[in-house]
Amino acid sequence: MTWRSCSLLQHDTLTRCETIMRDVCESFGAQLRDFNGEGDHVHLLVHYPPKIALSKLVNSLKGVSSRYLRAECTGRINRTGTGSVFSTPSYFAGSCGGAPLSIVKDYIDNQKRPA
């Protein structure tokens, strides 16, 4: 799944975001298998049980990470002029049931992560 945020994701912010999202996944009984991102979006490879509604998982991933990152990176976020918005309300989620996970993982790992 992919979601967009304003252009403020730097390496340290992405690292913290990954930790937060890993914790959220665990609280849902899901596994964050791979994570990477660029300056304005992140990519996640998540294995989650079928009993979990994907929209609820994504809502929590975006909401919790947004709250923590806004609180922890106040100076950087406020300087971007984004107001109270950290991420767009949209996301993309695709199923990779038949695709080899190694290909999906390679795609995520090869994103141009900010230095």
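Six bridges join strand β2 to strand β3 (residues 41–47), and the two strands run antiparallel. The model is predicted. β2 and β3 make a hairpin, with three residues between them. Within this pair, F35 has L44 of β3 as its bridge partner. N36 stands opposite H43 in β3.

Both strands of the hairpin are mostly covered. In β2 (residues 31–37), five of the seven residues are buried. β3 has six of its seven residues buried, so this strand is largely enclosed by the rest of the structure.

**The whole chain**

The protein chain holds four helices and four strands. Read from the N terminus, the elements follow the order β-α-β-β-α-α-β-α. The chain has 115 residues, and 38% of them count as buried.

The elements treated here are listed below.

| Element | Residues | Burial or core role |
|---|---|---|
| β2 | 31–37 | five of seven residues buried |
| β3 | 41–47 | six of seven residues buried |
| α1 | 11–27 | six residues in the largest nonpolar core |
| α2 | 54–72 | buried residues include L57 and L61 |

**The core**

Which residues of the largest nonpolar core touch the most other members? They are M21, C25, L32, F35, L44, V46 and L61, out of 17 residues in that core. α1, β2, β3 and α2 each supply at least two residues of this core. α1 gives the most, with six residues. F35 and L44 are thus named twice: they are bridge partners across the hairpin, and they belong to the group with the most contacts in the core.

**Helix α2 and its packing**

Helix α2 has 19 residues. From its first C-alpha to its last, α2 reaches 27 Å, close to the 27 Å expected at 1.5 Å a residue. Its buried residues are L57, V58, L61, K62, V64, S65, S66 and L69. An α-helix has 3.6 residues a turn, so residues three or four places apart point the same way. The buried set of α2 includes L57, L61 and S65. L61 is also one of the core residues that touch the most other members.

How do the two helices meet? Two packed helices are described by the angle between their axes and the distance between the axes. α1 and α2 pack at an angle of about 140°, and their axes lie 9 Å apart. That angle makes α1 oblique to α2. The crossing of α1 past α2 is right-handed.

Technical notes. Residues numbered from 1 in each chain as written. Predicted model: local features only at pLDDT ≥ 70, side-chain atom pairs only at ≥ 80, totals over all residues. Heavy atoms only, no water. Buried < 20%, exposed > 50% of the residue type's maximum accessible area, 1.4 Å probe, protein only. Pairing = 2+ DSSP bridges. Expected span 1.5 Å × (residues − 1). Core = buried A, V, L, I, M, F, W, Y, C linked by side-chain atoms within 4.5 Å. Axes fitted to C-alpha atoms, helices over the stretch in contact; angles between N-to-C directions. Parallel < 35°, antiparallel > 145°, perpendicular 65-115°, else oblique. Left-handed = near helix turned anticlockwise from the far one by under 90°.
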